[in-house]
There are 2 protein chains.
Amino acid sequence: MLAAIEEAQSGGAEGGIPVGSVIVHRGKVIGRGHNRRIQQGSVIRHGEMDAFENAGRQPAQVYRESVLYTTLSPCAMCSGAILLYGIPKVVVGENLTFMGEEEWLRSRGVEVTVLQDPVCMDLMQTFIAKNPELWHEDIGETPA
Amino acid sequence: MLAAIEEAQSGGAEGGIPVGSVIVHRGKVIGRGHNRRIQQGSVIRHGEMDAFENAGRQPAQVYRESVLYTTLSPCAMCSGAILLYGIPKVVVGENLTFMGEEEWLRSRGVEVTVLQDPVCMDLMQTFIAKNPELWHEDIGETPA
């Protein structure tokens, strides 16, 4: 989770949305990434998606032995990628800022652990306070 | 749907997995794309995801007035992206080769229409017969 937080912090330092993710296969990091909406104008590179992409093409068996760490609860798109590739275990930094599709993941047999980590939470709260419109855009919402 | 089939065919002509997708806002194409696993070594650029990415950053309201056309039933990842951005209507070329998360989409209020189009089906069947391992990789499965 520390590596995922590092990713979130480096995304934040680039002016991006501070969500980071790491995919670990048998104790070794095979992919890491962070949200690239601002940096690359990407609407599909949430932190988790960026980690999947940076891990590259992996055999199905590798995904099935991997753990995905993410600083924020995974949205529908990222949860779908987790299910598509059969990741069995997800560790979430926090889900108070945003509650993703954790129940859907659990209903499909994924083990989801939530840490409610104050560092992850502070990264998001600070970002959202300054950039509410970017955050709403990232989750497909219209700002209130 | 013809534009989505064109995308699938051009992906196939590049040696890629022949799935194409188009996002239409109020009658105008705002994004089109096709699966880029082979061409770009991408594990997140399914046809629908490529169309989202090529449409670029859009206001939430635009997604909510758009229709997504895809030649093949959308997998968990692509269905998640459809829900994240609140696309209300999805037109699917066929779901006999692969049944995606259509029921999940419908349960969240998305209108899903399936055409069972023979051209879409033939594209996939021809590709899978020649490249079963690439197809299995694309849906996170181990070949039998």
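Me: Which residues are exposed on the other side of α7(B), away from the buried ones?
Reply: In this predicted model, P118(B), A129(B) and K130(B) are exposed there.

Me: And which residues of α7(B) are buried?
Reply: C120(B), M121(B), L123(B), M124(B), F127(B) and I128(B). They cover an arc of only 160° around the axis, which puts them on the same side of α7(B).

Me: What do those buried residues pack against?
Reply: Two helices of chain B: α1 (2-13) and α8 (132-138).

Me: How far does α7 of chain B reach?
Reply: Helix α7 covers residues 118-130, 13 in number. From first C-alpha to last, the helix reaches 18 Å, close to the 18 Å expected.

Me: What caps the N-terminal end of α7(B)?
Reply: D117(B) does. One of its side-chain oxygens lies 2.9 Å from the backbone nitrogen of V119(B).

Me: New topic. Where does C75(A) lie?
Reply: In a loop of chain A, between β3 (66-72) and α5 (76-84).

Me: Buried or exposed?
Reply: C75(A) is buried, because its relative accessible area is 4%, and the cut-off for buried is under 20%.

Me: What does C75(A) touch, leaving out residues up to four places away in sequence?
Reply: H46(A), F98(A), G100(A) and E101(A), plus L84(B) from chain B.

Me: Chain B again. What rotation superposes chain A on chain B?
Reply: A rotation of 180°, with 0.0 Å of shift along its axis and an RMSD of 0.0 Å. That is the relation of a two-fold axis.

Me: How much of chain A's contact surface recurs in chain B?
Reply: 100% of the contact residues of chain A recur, so the same surface serves both copies.

Key. Residues numbered from 1 in each chain as written. Chains lettered and ligands numbered in written order. Predicted model: local features only at pLDDT ≥ 70, side-chain atom pairs only at ≥ 80, totals over all residues. Heavy atoms only, no water. Helix = DSSP H or I, 4+ residues; strand = E, 2+ residues; numbered from the N terminus. Expected span 1.5 Å × (residues − 1). Buried < 20%, exposed > 50% of the residue type's maximum accessible area, 1.4 Å probe, protein only. Arc of directions from axis to C-beta. Contact = heavy atoms within 4.5 Å. Polar contact = N/O pair within 3.5 Å; in protein donor to acceptor, adjacent residues only side chain to side chain. Least-squares fit on C-alpha atoms with pLDDT ≥ 70 in both.
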